[in-house]
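The report below goes from one strand and its neighbours to the overall chain. Please keep the sequence and the 3D view at hand while reading.

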Amino acid sequence: MTTPSIASVQPRSAFLRTLTERGFLNQCSDQTALDAALQQGAVPAYIGFDATADSLHVGHLMSIMTLRWLQRTGHKPIVLIGGGTTRIGDPSFRDSSRPMLDDAQIAANMEGIRRVFAKYLTFGDGPTDAVMVNNADWLDELRYIPLLRDVGQHFTVNRMLSFDSVKLRLDREQPMTFLEFNYMILQAFDFVELSRRHGCRLQMGGSDQWGNIVNGIELGRRMEGLDLFGLTTSLLTTASGIKMGKTASGAVWLNADRLSPWDFWQFWRNTEDADVGRFLRLFTELPLEEIARLEALEGAELNEAKKVLANEATRLCHGAEAATEAAETARRTFEEGAFGEGLHSVAVTRADLDAGLRLVELLVEAGLAESKGAARRLIRDSGARVNGTVVADEAALVTAADLDGEGRIRLSAGRKRHALVRCR
């Protein structure tokens, strides 16, 4: 297996230097040779994304920002959408098979993912313009016997069983289907095919993809004598050990129809103190000198750095106008005690309020709790508020008596997360 080679000297290429200085780089198949190739001209590089949902989430942002920096430093991003491999599902480090999606759902998911990348990359026909490709274009055309003969001969079952992604499933005595077992072969073939079609020389991804990336490097060498490279970024957790992108109310989606810009802004504003500097380096494009200044702030002043993080991350994802609106909503809500118009809202009828609505259910519908059980725990822990007043009764009802003069009720989870109930 190709082993990671992380050079001890500072990279000379702008791309690898940026990844190193900002904390992206985890593994690299041959950093010295890749660094030299990146100095010689535009290098096409890809990251693959299976279409398992109609949006990507914050957990994908490391990969998205890697592609963005690739383009900003003069190279060509290739966004590979797994229209073909989604039909199988990546088994890497999963205890069970992914749900099987039909072609219509995969197509809808691909369209949602396209909308994400349109905000982060510039697409076109130029040498450093990004392209988006669908691996169904070649995987759907493969014939089984030629695939086994031409590609399968380069894989041994012994080695495939040695990969951590496979061993984990087997060690836990969880079934792995023959369909899933083929995933690593198809991903390796993707790298070879992208090299043929687009001159791709570099595959990137999270550290859990290292084995799959190495497979592609070696398959390219064996099948066509290609000199390919791979690098990975670290899988990110918060300072408290929580997987990046997960909150009490679910995934932090990147499309506004899945999560409002206000809630996205709030996610970053609530970053743990210990993560502020790291997240500024990874998820914004601020100069490193400015980031060093911001992360050195202490106490209440560190909240200003969190606002900068929220503004910059939201600007990249949703645009400058949405970021400004979210920041203003936060200012009015927290500093003036007003009801910001950008808050997530739940519409109800006057008849519903006259009858009384269960607070537990409203907390879930407003996105302040992931489930009814989580909502009950929030109430038990004195974290649920209606119009700023703590509610301790799990059976509490929200009624028309809670409406303000403009037909609104504010729900809160703790002191930082808010939503509105609006009477239609």
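A residue is called buried when its relative accessible area is under 20%, exposed when it is over 50%, and partly exposed in between, with a 1.4 Å probe and protein chains only. Helices (H or I, at least four residues) and strands (E, at least two) are DSSP runs, numbered from the N terminus. This is a predicted model, in which local features need pLDDT of at least 70 and side-chain atom pairs count only at pLDDT 80 or more, while totals for chains, interfaces and linings use all residues. Residues are numbered from 1 along each chain as its sequence is written, and side-chain values use heavy atoms, with hydrogens and water left out.

**Strand 6 and its partners**

In a regular strand the side chains alternate between the two faces of the sheet. Strand 6, residues 229–233, has five of its five residues buried; Phe229, Leu231 and Thr233 are covered on one side, and Gly230 and Thr232 on the other. Two strands are taken to pair if DSSP finds at least two bridges between them. The pairings of strand 6 are set out here.

| Partner of strand 6 | Sense | Bridges | Bridge to leucine 231 |
|---|---|---|---|
| Strand 1 (residues 25–28) | antiparallel | three | cysteine 28 |
| Strand 5 (residues 202–206) | parallel | five | methionine 204 |

**The open sheet and a nearby topic, serine 382**

Five strands form an open sheet of mixed pairing in the order 9-15-14-11-12, and its edge strands, strand 9 (345–348) and strand 12 (389–390), each pair on one side only. Within this sheet, strand 14 (residues 408–413) and strand 15 (residues 417–423) run antiparallel and are joined by six bridges, one of which links alanine 413 with arginine 417.

Serine 382 lies in the loop between helix 19 (372–380) and strand 11 (384–386). Its phi is near 65°, a positive value in a residue other than glycine, and serine 382 is partly exposed, with a relative accessible area of 40%.

**The whole chain**

The chain has 19 helices and 15 strands, and 51% of its 424 residues count as buried. Its radius of gyration, taken over C-alpha atoms, is 24 Å, which agrees with the value near 22 Å for a compact globule of 424 residues; the globule rule is 2.2 Å times the number of residues to the power 0.38. Along its principal axes the C-alpha trace spans about 75 × 50 × 40 Å.
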